[in-house]
Amino acid sequence: MIPEWKEIMSVYEDLVNHRTKLSLVGLGYVGMPIAVSFSKHIDVIGFDINNDKIEKYKAGIDPTNEVGNEGVKNSAVDFTSNEERLKEAKFHIVAVPTPVNSDHTPDLRPVEGASHTLGRNLTKGSIVVYESTVYPGVTEDICVPILEKESGMKCGEDFFVGYSPERINPGDKVHRLETITKIVSGMNDEVLEEIANTYSLVVAAGVYRAESIKVAEAAKVIENSQRDINIAFMNELSMIFNRMGIDTQAVLKAAGTKWNFLHFFPGLVGGHCIGVDPYYLTYKAEQLGYHSQIILSGRRINDDMGKYVAESLVKNLIKAEAPVRNARVAILGFTFKENCPDTRNTKVIDIVNELREYGIDPMIADPEADAQEAEMLYGVKFTDIKDIKDCDAVILAVQHDVFADLTPADFDKMYGKNDHSKILSDVKGILDRKTYENAGYIYWRL
Ligand SMILES: NC(=O)c1ccc[n+]([C@@H]2O[C@H](COP(=O)([O-])OP(=O)(O)OC[C@H]3O[C@@H](n4cnc5c(N)ncnc54)[C@H](O)[C@@H]3O)[C@@H](O)[C@H]2O)c1
């Protein structure tokens with residue numbers, strides 16, 4: 001017999017009256033800020049399978065830098081790697097990774113794994129909301145059957161699901177969980193209201209009720225696909241204008257004076273979202289017999305940009321009549337994006353690998369990056385920026401705020417007393433081109 005909605009749909013009321021708890025499954029860049037934010041209002045269990053991470057959080061260390069050590073120390077989140085504790089919660093949020101395999105197909109193992117864990121510990125009347133970025137259909141077609149099998153309960157009768165994509169931007173202190181409109185969706189109107197009310201506790205910017213779970217899933221993947229395609233267009237323009245000897249940034253500045261010109265810039269597209277999510281969409285499209293043309297060609301362009309940056313540097317070494325093999329090159333910045341310690345899926349490694357093909361083993365300095373992670377993932381050891389000297393060329397690869405303070409005098413110190421011009425690749429174009437050209441540099445940017 002299906003119970004009355006009123007009987008089972010009091011999860012929100014139970015949360016605010018501390019009669020039940022909310023759980024976060026997956027405490028990374030996304031899950032951690034959500035857990036901390038909710039813990040200011042309701043009881044929160046923070047669960048992760050990575051016990052080392054849990055121990056760090058318990059010790060008041062935030063390796064993601066998203067909430068900071070103080071934020072973790074002062075939070076009321078009950079951190080655990082004991083899945084049994086999930087039984088204490090009736091509102092579950094899943095924020096585990098959704099990477100791609102080496103052939104660019106979705107790797108759903110973490111989402112499936114989290115669903116198995118949750119299913120084993122699910123109690124009657126619970127709501128499970130997925131936040132991980134997926135293609136339309138993953139929540140209902142892949143996760144729900146796992147939850148049902150593991151719990152022995154029926155979705156829509158005994159427990160309920162929803163989907164709410166995450167839009168935070170790690171390292172960005174302006175666009176945060178609280179200040180970004182949150183898309184919410186649920187398997188029916190009543191569940192949607194419970195989910196909307198719960199998120200409204202923490203999202204001051206408000207919630208947007210999507211028409212269905214699949215609509216919400218699709219909205220997230222296309223946001224990032226749109227960005228990817230637009231950046232790919234800028235990267236293509238940059239390759240064309242470099243051949244023409246025209247500065248792309250100057251072209252974009254001029255074109256940007258038109259009211260409907262879109263403001264995107266060339267650059268490396270790494271990380272776990274923009275460079276990955278489009279593959280989720282094209283994978284599903286392919287299963288349905290549609291072969292992406294625009295999305296995948298954008299992906300191809302962006303995936304090759306690290307190689308292009310390295311090749312352009314080598315051409316400039318040749319232009320300067322500097323030896324290429326064993327040239328001393330320093331790379332400033334290694335993370336996949338600015339002001340963020342995360343080095344996973346960084347495209348700077350593509351620059352490193354391509355330079356190595358030319359017999360150049362670059363030094364790398366990144367005061368923001370997680371050095372331990374970089375060494376573990378790539379075998380890369382960082383050099384202190386103060387120890388960068390005697391270079392033939394420098395690549396400013398990531399737009400960290402700490403690099404914005406570097407003056408021409410700081411750069412001068414990084415080069416040796418060479419017979420050739422100083423070569424500077426300012427990948428994101430954050431320095432003043434004329435200053436360096438007037439100082440005799442061979443200055444290059446995308
Ligand atoms: N980081 C971003 O910028 C961002 C932005 C929006 C959306 N997203 C999406 O959010 C999701 C999470 O991303 P993230 O950056 O927080 O990932 P992350 O790698 O930083 O964190 C994920 C956490 O989940 C844990 N985990 C993995 N499998 C688990 C399991 N079976 N049970 C419990 N915990 C498990 C990991 O140990 C890790 O701590 C992804 O789908 C991502 O695409 C990320």
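## A walk from Tyr308 to the ligand

Leaving aside its neighbours within four places in sequence, Y308 is in contact with S238, M239, N242, W444 and L446. Y308 is a good place to begin a tour of this predicted model. The residue sits in helix α13, and with a relative accessibility of 14% it counts as buried, because the limit for that label is under 20%. Further along the chain, E354 is 46 residues away from Y308, yet the C-alpha atoms of the two are separated by 8.9 Å.

Two of the partners of Y308, N242 and W444, lead us on to a pocket. N242 and W444 are among the residues that lie nearest the centre of the second largest pocket, together with K319, R433 and Y443. In all, 18 residues line this pocket, and its volume is about 300 Å³. Which elements give two or more residues to the lining? They are α9 (213-244), α13 (305-319), α18 (433-438) and β13 (442-444). The largest share, four residues, comes from α13, the helix that also holds Y308. Sorted by class, the lining has seven nonpolar, five polar and six charged residues.

Let us stay for a moment with α9, one of those contributing helices. N224 is found in this helix. Is N224 buried or exposed? Its relative accessible area is 9%, so N224 is buried, the cut-off being under 20%. Beyond its neighbours within four places in sequence, N224 touches C273, I274 and D277.

Back to E354, the residue whose C-alpha atom lies 8.9 Å from that of Y308. E354 is one of the buried residues of helix α14 (residues 348-357), along with V348, I349, I351, V352 and L355. What covers these buried residues? The cover includes α13, and with it β9 (329-332), β10 (363-365), α15 (371-378) and β11 (393-396). After α14 comes G359, which has a positive phi, near 80°.

A glycine with positive phi also turns up at another helix: G60, just after α4, has a phi of about 80°. At the start of α4 (residues 51-58), a side-chain oxygen of N50 comes within 3.1 Å of the backbone nitrogen of D52.

This part of the chain also brings us to the ligand. Of the 27 residues around the ligand, those that come nearest are V30, D48, K53, T98 and R344. Where do oxygen atoms of the ligand meet polar atoms of the protein? At V30, a polar backbone atom is 2.8 Å from a ligand oxygen, and at Y29 a polar backbone atom is 3.1 Å from a ligand oxygen. With K53 the side chain takes part, as one of its N or O atoms is 2.7 Å from an oxygen atom of the ligand.

One last stop is an enclosed space. Rolling a probe the size of a water molecule over the atoms shows where empty space is left. How many cavities of 30 Å³ or more does a search of the whole structure find? The search finds one. About 40 Å³ of space lies in the largest cavity, and the residues that line this cavity are P165, E166, R167, R176, L177, I180, T181, K182 and I183. By class, they divide into four nonpolar, one polar and four charged.

Note on methods
Residues are numbered from 1 along each chain as its sequence is written. This is a predicted model: local features need pLDDT of at least 70, side-chain atom pairs count only at pLDDT 80 or more; totals for chains, interfaces and linings use all residues. Side-chain values use heavy atoms; hydrogens and water are left out. On a 1 Å grid over the protein atoms alone, a cavity is a set of points where a 1.4 Å probe fits but cannot get out, and a pocket is an open set with protein on both sides within 12 Å along at least five of seven lines; lining residues have an atom within 4 Å of a point. Grid points are joined across faces, edges and corners, and a volume is the space filled by probe spheres set on the points. Ala, Val, Leu, Ile, Met, Phe, Trp, Tyr, Cys and Pro count as nonpolar, Asp, Glu, Lys and Arg as charged, and the others, Gly among them, as polar. Buried means under 20% relative accessible area, exposed over 50%, partly exposed in between (1.4 Å probe, protein chains only). Contact means heavy atoms within 4.5 Å. A residue is near a molecule or strand if one of its heavy atoms lies within 4 Å of it. A polar contact is a pair of N or O atoms within 3.5 Å; within protein, one must be able to donate a hydrogen and the other to accept it, and residues adjacent in sequence count only if both atoms are side-chain atoms.
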